[in-house]
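Hi everyone, thanks for making time for this. I'd like to walk you through one chain today, so let's bring it up on the screen.

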Amino acid sequence: ARLHSHAGMRMNSRHKDKTHNPLANWLRVRGWTVYDVNQISGFVDAIGVLGGRVVFIGLGGIGMYVSKTAATFLAGLQKAMPDKETNLLLVDGDEFSQSNTYRMDVPEMGNKAEVLGREMLRCHDALSGFSVRWRPEYVTPDNISEIIREGDLVFLAVDNHKTRKLV
């Protein structure tokens, strides 16, 4: 079950006593909304995350955290829905450097896309249907059609306007 809470959130009455799961009921009474895997499956199918590609462009301070968190979330979905596939593409031409370590949890030095891709594979290697690929390059007019395809879900976390306008 996926859990979500927000301060001051009221329990939706249609969820009351919907399950006999004591933990779910305990959480609902305390203001949490509890989703079962069928609700998540419908949402995921609607946005096409599983079975499609999720592309992360820019893996610096924000992009690194978003991509790692999303990969963990998508790996969990993959476990819950093994008949689907999860395909991640990490794109960044920049390298991790010593100056990044004060604000990022840098696993090792090297190209950001490659380093994070290898780390995600280590974490989720045994998971069938979960693939991580990377392109250690910047997005340019020459390669954008190879990086972003129709139907991709793209997370853009770059620090320059030229790339933002291009994507």
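Before I point at anything, one definition: I'll call a residue buried when its relative accessible area is under 20%, exposed when that is over 50%, and partly exposed in between. Please also keep in mind that this is a predicted model.

With that cut-off, let's begin at Arg135. Its relative accessible area is 19%, so Arg135 counts as buried. Who does this arginine pair with? One partner is Glu137, with the closest N and O atoms of that salt bridge 2.7 Å apart. Another is Glu146, where the side chains meet at 3.1 Å, N to O. That second pair brings together distant parts of the chain, since Arg135 sits in strand β7 and Glu146 in helix α5 (residues 144–147), 11 residues apart. Through shared partners, Arg135, Glu137 and Glu146 become one network. The two glutamates are both in the in-between class: Glu137 is partly exposed because its relative accessibility is 27%, and Glu146 is partly exposed because its value is 47%.

Altogether there are 6 salt bridges. One of them joins Lys68 and Glu119, with 3.7 Å between the closest N and O atoms. Here, too, distant stretches are linked: Lys68 belongs to helix α3 and Glu119 to helix α4, 51 residues apart.

Now for the inside. The largest nonpolar core has 20 residues, and the members touching the most others are Phe56, Leu88, Leu90 and Phe130. Two or more residues each come from β3 (53–57), α3 (61–80), β4 (86–91), α4 (112–124) and β7 (130–135). Which element gives the most? That would be α3, with 6 residues.

If you click on Leu88, you can see how it reaches across the sequence. Setting aside neighbours within four places, Leu88 is in contact with Val54, Phe56, Ala71, Leu74, Met120, Phe130, Ser131, Val132 and Arg133. There is also a second, separate core of 8 residues, and among its members are Val55, Ile57, Leu89 and Ile144.

Last stop: Pro82, in the loop between α3 and β4. Is Pro82 buried or exposed? It counts as exposed, because its relative accessibility is 62%. Its C-alpha atom lies 7.5 Å from that of Ser128, although the two residues are 46 apart along the chain.

That's my tour, and I'm happy to go back to any of these spots.

Definitions and conventions: Residues are numbered from 1 along each chain as its sequence is written. This is a predicted model: local features need pLDDT of at least 70, side-chain atom pairs count only at pLDDT 80 or more; totals for chains, interfaces and linings use all residues. Side-chain values use heavy atoms; hydrogens and water are left out. A nonpolar core is a set of buried Ala, Val, Leu, Ile, Met, Phe, Trp, Tyr and Cys residues joined through side-chain atoms within 4.5 Å. Buried means under 20% relative accessible area, exposed over 50%, partly exposed in between (1.4 Å probe, protein chains only). Helices (H or I, at least four residues) and strands (E, at least two) are DSSP runs, numbered from the N terminus. Contact means heavy atoms within 4.5 Å. A salt bridge is a side-chain nitrogen of Lys or Arg within 4 Å of a carboxyl oxygen of Asp or Glu.
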